[in-house]
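Student: Walk me through one part of this protein up close, please. Pick a spot and stay with it, and tell me what each term means as you go.

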Amino acid sequence: MWTEVRIIIINKRIPGGPQTILGPAGCGPDVAILEADAGATIVTLDERDDRLPLLLDSLKPYDKDWSERRRDRFTEEELESARLLVMRYVFPDGRIFTGPRMGTTYDMSHACKRCGAGARQTSALIIEGEHLALLEDRRAAATCYNDMLVDEKLAAALAQSGATGLELRGVFAAFENRGHFQLPWRQLCATHTLPPMSPRTTGIELSQPCPCGRGCFARLDKAPTRLAYRASDVADIRDVNVTWEWYGYSKFNGDVHDAVLPYPLFLVTPKVFRIFRDAGVTGFDWIPIHVVDE
Ligand SMILES: [Zn+2]
């Protein structure tokens, strides 16, 4: 594992251009890419690279003119030997809208009355028809609320693999005035919820705290996501699981129809990861959990 640091610099905000900072820090074209259209320069470094402290030091005076993102990168062997992997879609093309406001229905009887964490989907998934192009040339994707979508062939491969904890649902596209059309896609659902994670988890924050303790969490940009579970928490896992914690943003006043619901993260075993990998699926980050003592 190594930690990748991406520094995104807004070119025009640096007097004399980003070269005045990159040059002295020794960051050449091997690590710095000029995105002329976006007016930005992206520097990608290993966290242990000696050039990183030099670069961060020279960026200090330009407080809001650059940003920093950190994520862990793994070898194939590390992914293969993980207990569980967080399955995170990186939205390479854009976000597919869905949720209660598209007509998908939810049972809220066991959900938190304040944030909606624990909502149970009771219908097929209905996505915005206008966003269908985002599924073209893909075999798997996720909606803006982390609903996992797989094409029919991949859904069949998952079902045939005997992966546990897996439930597949239909997916429909909704078009204004033209009704709903079933798509050759399936929604991948988890029947098993993990216990609460270990407090040794890092890289996430409670962005919208709710008294239920389940929501709402958000991923930090500046620190890699490192979910930690005690060995006893993962003794009884399935191949497909969701977190007890819910993420995202919540807007729920008791009426689910116009609610914005948070969502759990998907954690899968390497068996599921291999099926996605062998199908040539792209657009996902796979992040091993950390198994800890407490
Ligand atoms: Zn809550």
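Tutor: The domain bounds I'll use come from an automatic or database domain assignment. Keep in mind that this is a predicted model: local features need pLDDT of at least 70, side-chain atom pairs count only at pLDDT 80 or more, and totals for chains, interfaces and linings use all residues. Residues are numbered from 1 along each chain as its sequence is written.

Let's stay with domain 1, which covers 2–73, while domain 2 takes 76–292. The C-alpha centres of the two domains are 32 Å apart. Where they touch, seven residues of domain 1 are in contact (C-beta atoms, placed from the backbone, within 7 Å) with five residues of domain 2. On the domain 1 side, the biggest contributor is strand β4 (residues 66–73), with six residues. Sort that side by residue type and you get no nonpolar residues, two polar and five charged. (Ala, Val, Leu, Ile, Met, Phe, Trp, Tyr, Cys and Pro count as nonpolar, Asp, Glu, Lys and Arg as charged, and the others, Gly among them, as polar.)

So where does β4 sit in the fold? The four strands form an open sheet with antiparallel pairing, in the order β2-β3-β1-β4. Both β2 (32–35) and β4 are at the edges with a single partner strand each, so one side of each has no neighbour in the sheet. Direction ignored, neighbouring strands here are turned by 20 degrees against each other on average. As for terms, strands (E, at least two residues) and helices (H or I, at least four) are DSSP runs numbered from the N terminus, and two strands pair if DSSP finds at least two bridges between them.

Now zoom in on the partner of β4. Strand β1 (residues 2–10) runs antiparallel to β4, and eight bridges join the two. Take Glu4 as a spot to click on: its bridge partner in β4 is Arg71.

A helix goes with these strands too. Helix α2 (residues 51–59) lies across β1, β3 (40–46) and β4, and runs at about 145 degrees to β3. That angle is on a scale from 0 to 180 degrees between N-to-C directions, with axes being lines fitted to C-alpha atoms, for helices over the stretch in contact.

Pull it together around β4: it's an edge strand, bridged to β1, with α2 lying across it, and it gives six residues to the side that touches domain 2.

How values were computed: Two residues are in contact if their C-beta atoms, placed from the backbone, lie within 7 Å.
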